[in-house]
Amino acid sequence: MKNAVGRDIPDEILKLTGKEPFQGNNYKNGVPFRRVAPIIRPVMDNEHSKLVKDIHEALVKCKAHSGMTVSFHHHFREGDLIVNMVMEEIHKMGLKNITLAATSLGKAHDPLVPMIEDGTITRIEASGVRGKIGQAISDGKLKGLAIMRSHGGRVRSLVTGETKVDIAFIGAPTSDDYGNLRGIGGKTNCGVLSYSHVDGDCAEYVVAITDCLVPFPNFPAHISMTKVDYVCVVDAIGIPEKIATGAAKPTTDQRKLMMAEYCTQVVVNTPYFKDGFSYQTGVGGASIASTISLTKIMEERGIKMGFGVGGLTKPMCDLLDRGMVRVLMDTQAFDLDAVSNVINPAHHRITAGAYANPFNKGAFVNKLDYVILASLEVDVNFNCNVVVGSDGVITGAQGGHPDTAQGAKCTIVICPLLQGRIPAICTNVTTVTTPGESVDIVVTDYGVAVNPNRHDLLEALEKADCVPLKTIEELRDIAYSIVGEPEPVEFEDRIVGIIEARDGTIMDVVRQAKPYKFDD
Amino acid sequence: MVIQKPAIAGTLESSDCMVTVEPGEGKIDLDLDSAVIRQYGKQIRKVILETLQRLDVTDAKITVVDKGALDCTIKARVECAVYRSNGVKDQLPWGGAIV
């Protein structure tokens, strides 16, 4: 059946997952549901100890079994040691058919590939997958499905009970012996524990893993002892320097600087740019450069930001330190500057649910004026792909892309027209992660395209005459005139993954990659 | 042209390609590896074979490792490798065999 972004979702997948095809952004708006409540094992005995001596004991006490679902957060990013540590123990115990429900997986988790091959891990649910696990899934090695969902969508899947987590493992930079957890204060600070809140709320067992046990009470706790069953102390939970891996430094790349300038011009010449505006941006070189050039114009015009949200980086924290933004709402620290900035009283930690869950009574993303996003591909219908590479192999993560894109009044996607030979603006994205209805403006190094549905924005930019305006088709045609029109990538029939929309419907499917061979 | 000796042109940088030509075994023997083979494999092969044809090369082993080079780059690297294999350094046929 074709969904609202024109993607064919096979009946077998609808039947297998019990899901509906995507039917537009607000399909589930106002549709009531009941949140699931977790199972609690009360701790009344004042002699009860939550400390366990190792991961193995934690697993035994939490009744680890084949077929269970375990969850993790990715606040340590490429420096994470927790997922591998726990999965190795599960592997040693000979458990099979595990669903790995991490908030995201990266190159740090390459060592899990043999566990996919031997059937220890048979399902993966994550924002996305980079590195060798992505390749393994695309090669068809995972027996079950990989479900890729946004940060907001993940919270929804837990609170609706769609994802039932048996044991949540929460890596905590500091913990006391009763499981009051904080994102700072230890050896491996990550600033916030936003992604794990919902695991604390919904998982059947919650295990805190820390490398820095502190005296009781570890307060104010980011995740409360009232939700934690066991505390396990290990030598190291992460590698601090690697938390910032991949985060961009201020760029000197002229192409990126030009896109940053276009983006800044788009922001300042659209109607939401006024005192108190709200803003989210990512870690790409152009996004960071744009935040810096935007700051100059804010200073010139005496405009301050009301709030900044999201994964935060140094330039956003600089804005706070200089009094250019009233408050920052933090779900993830992308660099160590952002980690250390959490001590600023106007730098607030929020949960992933408050940030982006479409199934609560209103999330922060709904209050965004601007979000600046990147994308691997954008097609002529403004659909974005951030998960599957143009070669058909899973290589990225949804993150908060679909959440913020839907929430923000003005969603700007920055991407260079060409990534090497690959045209980023194309006729059809490889897979849809964010629907075109969420995307308002696309900024490239060859010009800026406005979604025809937003004639208000187009008019404002035409009037301001500040950037070279093109239609999205014109941008695609320029790209194809330089690199040639790509052949459609061929896939095997087997579906290896699902790109889930925020509301749990199916946005697209990912099929097994097919080895390339010439026809003759 | 006849491939006299092994020769290389290009690099493995992004958006470039490395072309190696060696004396062949009576025909064109192409080994192509590309970062964009799924999207541009046919096009790249066509450009390489056409360029060899234009240079009148009919007997060569040619290895191309492509990192997303544009057609013009691929053409230039193939031409360069072929001329290097012949030791030709000046009086190149600009506007003739090299278009």
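**Entry 1: the sheet**

Which strands of chain A make up the open sheet, and in what order do they stand? I found nine strands in the order β14-β13-β12-β11-β15-β18-β22-β23-β24, with mixed pairing. Strands here are DSSP runs of E of at least two residues, helices are runs of H or I of at least four residues, and both are numbered from the N terminus. Two strands pair if DSSP finds at least two bridges between them.

A note to myself on the source: this is a predicted model, in which local features need pLDDT of at least 70, side-chain atom pairs count only at pLDDT 80 or more, and totals for chains, interfaces and linings use all residues. Residues are numbered from 1 along each chain as its sequence is written, while chains are lettered from A and ligands numbered from 1 in the order in which they are written.

Next I looked at the edges of the sheet. β14 (347–349) and β24 of chain A stand there with a single partner strand each, so one side of each has no neighbour in the sheet.

Then I followed the end of the sheet that holds β22(A), β23(A) and β24(A). β22(A) and β23(A) run antiparallel and are joined by four bridges. They form a hairpin, with two residues between them. I could pick out two facing pairs: A:Thr444 is opposite A:Gly447, and A:Val442 is opposite A:Ala449. β23(A) pairs with β24(A) in the parallel sense, over two bridges. There, A:Val448 stands opposite A:Leu469.

**Entry 2: helix α15(A)**

I checked the length of α15 (residues 472–483) of chain A. The expected span is 1.5 Å times one less than the number of residues. For its twelve residues that gives 16 Å, and the end C-alpha atoms are 17 Å apart, which agrees.

Which residues of α15(A) are buried? They are A:Ile472, A:Leu475, A:Arg476, A:Ala479 and A:Val483. I call a residue buried if 20 or more other C-beta atoms lie within 10 Å of its own, exposed if 12 or fewer, and partly exposed in between, with C-beta atoms placed from the backbone. The buried residues cover an arc of only 100° around the axis, which puts them on the same side of α15(A). The arc is taken from the directions that lead from the helix axis to the C-beta atoms. A handy reminder: an α-helix has 3.6 residues a turn, so residues three or four places apart point the same way.

On the face turned away from the buried side I found the exposed residues A:Glu473 and A:Ser481. What covers the buried residues includes β22 (441–444), β23 (447–450) and β24 (469–470) of chain A, so I met the strands of my first entry again. After α15(A) comes A:Gly484, with a positive phi near 85°.

**Entry 3: two domains in chain A**

The assignment, which is automatic or from a database, gives domain 1 (50–244) and domain 2 (254–489) in chain A. Their centres, taken over C-alpha atoms, are 29 Å apart.

How many residues of domain 1 of chain A are in contact with domain 2 of chain A? I noted 31 residues of domain 1 in contact with 35 residues of domain 2. Contact means that the C-beta atoms of two residues, placed from the backbone, lie within 7 Å. On the domain 1 side, α5 (131–138), α6 (151–159) and α7 (197–202) of chain A each supply at least two residues. α6(A) gives the most, with five residues. By class, this side has twelve nonpolar, 16 polar and three charged residues. Nonpolar covers Ala, Val, Leu, Ile, Met, Phe, Trp, Tyr, Cys and Pro; charged covers Asp, Glu, Lys and Arg; the others, Gly among them, are polar.

**Entry 4: where chains A and B touch**

Each chain brings 14 residues to the contact between chain A and chain B. The side of chain A has seven nonpolar, four polar and three charged residues.

**Entry 5: backbone oddities**

Most residues other than glycine have a negative phi, and most peptide bonds are trans. I went looking for exceptions.

- A cis peptide bond joins A:Phe216 and A:Pro217, with omega about -5°.
- The bond from A:Phe219 to A:Pro220 is also cis, with omega near -5°.
- A:Pro217 lies in the loop between β9 (205–210) and β10 (230–233) of chain A, and A:Pro220 lies in the loop between β9 and β10 too.
- A:Asn97 has a positive phi near 55°, and A:Asn97 is partly exposed, with 15 other C-beta atoms within 10 Å.
- B:Ser15 is not a glycine, yet has a positive phi of about 70°; its place is the loop between β1 (7–10) and β2 (17–23) of chain B.
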